Amino acid sequence: RPRRTATVLLGTHSPLQPSQVVSVCRTGREHVRSLVGSMRNGAAGFQRVKRGWVWNQFFVLEEYMGSDPQYVGKLHTDLDKGDNAVKYTLSGEGAGSIFTIDQTTGDIHALRSLDREEKPYYTLRAQAVDINTNRPLEPESEFVIKVQDINDNEPKFLEGPYTASVPEMSPVGTYVTQVTATDADDPTYGNSARVVYSILHGQPYFSVDPKTGVIKTALPNMDREVKEQYQVLIQAKDMGGQLGGLAGTTTVNITLSDVNDNPPRFSKSFFHLRVPESSAVGSAVGRIKAHDLDIGKNAEVEYTIVPGDGGAMFDITTNEHNQEGIIILKRPLDYETKKAYTFKVDASNAHLDPRFQSFGAFKDTATVKINVLDVDEPPVFNKPSYVMDVYEDTPAGTIIGAVTAQDLDASSSPVRYSIDWKSDLDSYFDIDPVEGTISTNELLDRESIAQHNISIVATKLNSPVLTSRVAVTVHVLDINEFPPELASPYETFVCENAKVGQVIQTFSAKDQDLPTSGQQFSFKSPKEDLKTNKNFTIRDFGNNTAGIVTKRSGFRRRLQEIYFLPVVIEDNGYPPKSSTGTLTIRVCGCESDGSLLTCSAEAIFLPVGLSTGALIAILLCIIILLVIVVLYVGLRRQKKKETLMSSKEDIRDNVIHYDDEGGGEEDTHAFDMGTLRNPKVVKENLYRRDVKPELKRDPRPPPFNYLSIECCFLSYILFPLGEYAYTWKCCHFLQHP
């Protein structure tokens, strides 16, 4: 196969000059056909390739302004013998519209001006084909046409204009802000995109770093109160700032922020105020102001009154909107007492900056004088309110209290008193117009109205329009109507083994009178009982309670089971009431430690030796006997009833013939008329009243009396100590009445 070569003719603005031709052999041998001119950088270069085409980058100058198309380069293949048998074709980006190729010679031209910032390079494909058959002589290959940069773009501040702030009084070199400019030119080629910053306007207050664009303060102690706003003009220039470079500018608006470097100052050192003596407590009596050149929170002022004359009468606060000092009245003013007050006020900042404390005290002082103006005032009561007490049913005309008011003005007018009729519609009270004494008009009833609220009006005699009022509360007190009594029916016992002086019961009292919270009771034994009672006494504890105290020992139930102790209870009401109550004390058996065993009847039986079972058996026997007696009496009555009924049902007349002469009315007693009706019923032992009966002894014994058994049992139980004579008499009487 024959050896083939490719020849590339580079453009005029490429690294190689147009006269330089490079021939490359596929076998690897490299020959220099010709070398004309020199490289722009002063050095010759050779490149080894492994194919028939040699593609170095084509370069085309941007912003070409010539009338003819700009020559880019030339394509050539070693198969081209110069006989016009080879045709060159071009395809890819911009082929035909931007770039064109001479099909015969292979020359490439740019049809229009190019902008590198719009598109920095173009990728195209070239191919050599047979002009007759249109068959490719070589495979299609790709190459790049690069747009060569020129310095056609100035630096631009995309974020401008800038706004920044820096505290006033900052030292030199304090950071303010940073500006940045961008250049659209190629930063890798030449100095077209190398930007340098400089300050055109704003010196000597600020400076800018030429490389970074950082702006800093250049002058110390810049005072906001002198100048607050600064406008700085910054320039960015390419080509490293050299002559001929393009430049762009931006504006930086810098504000000095406030710091607390100024203390408040009063506009004058003396303030004169006037206030009427009738001003209400808490009202504003005047305003003063200290000015601070700072702003915001650094201008906030705090006012304080220096302790001394007038400091206790007035207070001062700060108006948050305008930082004025508002003087407020703390106590009532009285022209007759004091006509003027003088005091000092300090004004200071609420937020201090320690960096500036060395400048001196951050406060100012002014003197305030307040003159009190005289005002014709109404009378003044010596108390804000009055409270009076009166017992119910107090006679009308009784003085229950007095009110006092006086005119404090220099004229010292007399005062007259009256009751506001709206507060006393029923006219329960009256008042002396000169003395101010209040008295009752009628009897008061606590159960109807327990409290009266009236209003007293005081009027100046020489100026009736000036009046003042005061509230008077009248409490109607309850009369002691009920005597005290024991709080409850106490169940008291004393042990048989109780000792002398032992408190066996604590008790208290109650009273129906009101109020119950203030009641006080005293307890004592009646005078007559103090001498006669040798068993118990009363001890008052002084706290509305008392105790029963034993005066002896050796109490026995068999001798006396119950004691009655009178107690006198007296209250502290008006008038005092008293009553006598009776405490019942039962003697009971107790343990040795004083705990109760029993107070029932069983405890009496225990010393005789009868057990509980025996007592139950005796009681059962008594119950059985009582049931037998009841049944016997019931049967007797039932039998008698049946006999009478049978006699009433027999309607026949039984005629009995006898030869005796009638005795008139006496015959009603001689014979039993019931026998005539019922001959079966014959009463024995019925004697005639007109005939003296013959006495003869009945040989039958008397019927047995069942009640005698019950009596005997009860007698033996009730008298177990051998009183047999009485027991025998009782039983004998029941059996033989």
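Is Asp346 buried or exposed? In the predicted model examined here, Asp346 has a relative accessibility of 13% and therefore counts as buried, since the limit for that class is under 20%. The side chain of Asp346 takes part in a salt bridge with Lys363, in which the closest N and O atoms lie 3.9 Å apart. This pair links distant parts of the chain, with Lys363 placed in strand S25 (residues 363–373) and Asp346 in strand S24 (residues 340–349), at a separation of 17 residues. Lys363, with a relative accessibility of 43%, counts as partly exposed, so the contact brings together a buried acidic residue and a partly exposed basic one.

Across the whole structure, the search finds 15 salt bridges. Side chains of opposite charge can pair when their charged atoms come close. Among the salt bridges is that between Glu228 and Arg224, for which the closest N and O atoms are 3.8 Å apart. Here Arg224 is the buried partner, at 9% relative accessibility, whereas Glu228, at 31%, is partly exposed. These two residues also belong to a network in which salt bridges with shared partners connect Arg224, Glu225, Glu228 and Asp258. A further salt bridge is formed by the side chains of Arg116 and Glu117, with an N to O distance of 3.3 Å. Arg116 is buried, its relative accessible area being 12%, while Glu117 is partly exposed, with a value of 25%.

Turning to the strands, an open sheet is built from four of them in the order S4-S10-S9-S6, and the pairing within this sheet is mixed. Strand S4 (58–61) and strand S6 (86–92) occupy the edges, where each has a single partner strand, and one side of each is therefore left without a neighbour in the sheet. From one strand to the next, the twist averages 30 degrees. Strands of a sheet pair through backbone hydrogen bonds, in either a parallel or an antiparallel manner. In the case of strand S9 (residues 121–130) and strand S10 (residues 141–148), the two run antiparallel and are joined by six bridges. Within this pairing, Tyr122 has Ile145 of S10 as its bridge partner.

Notes. Residues are numbered from 1 along each chain as its sequence is written. This is a predicted model: local features need pLDDT of at least 70, side-chain atom pairs count only at pLDDT 80 or more; totals for chains, interfaces and linings use all residues. Side-chain values use heavy atoms; hydrogens and water are left out. Two strands pair if DSSP finds at least two bridges between them. Helices (H or I, at least four residues) and strands (E, at least two) are DSSP runs, numbered from the N terminus. Axes are lines fitted to C-alpha atoms, for helices over the stretch in contact, and angles run from 0 to 180 degrees between N-to-C directions. A salt bridge is a side-chain nitrogen of Lys or Arg within 4 Å of a carboxyl oxygen of Asp or Glu. Buried means under 20% relative accessible area, exposed over 50%, partly exposed in between (1.4 Å probe, protein chains only).
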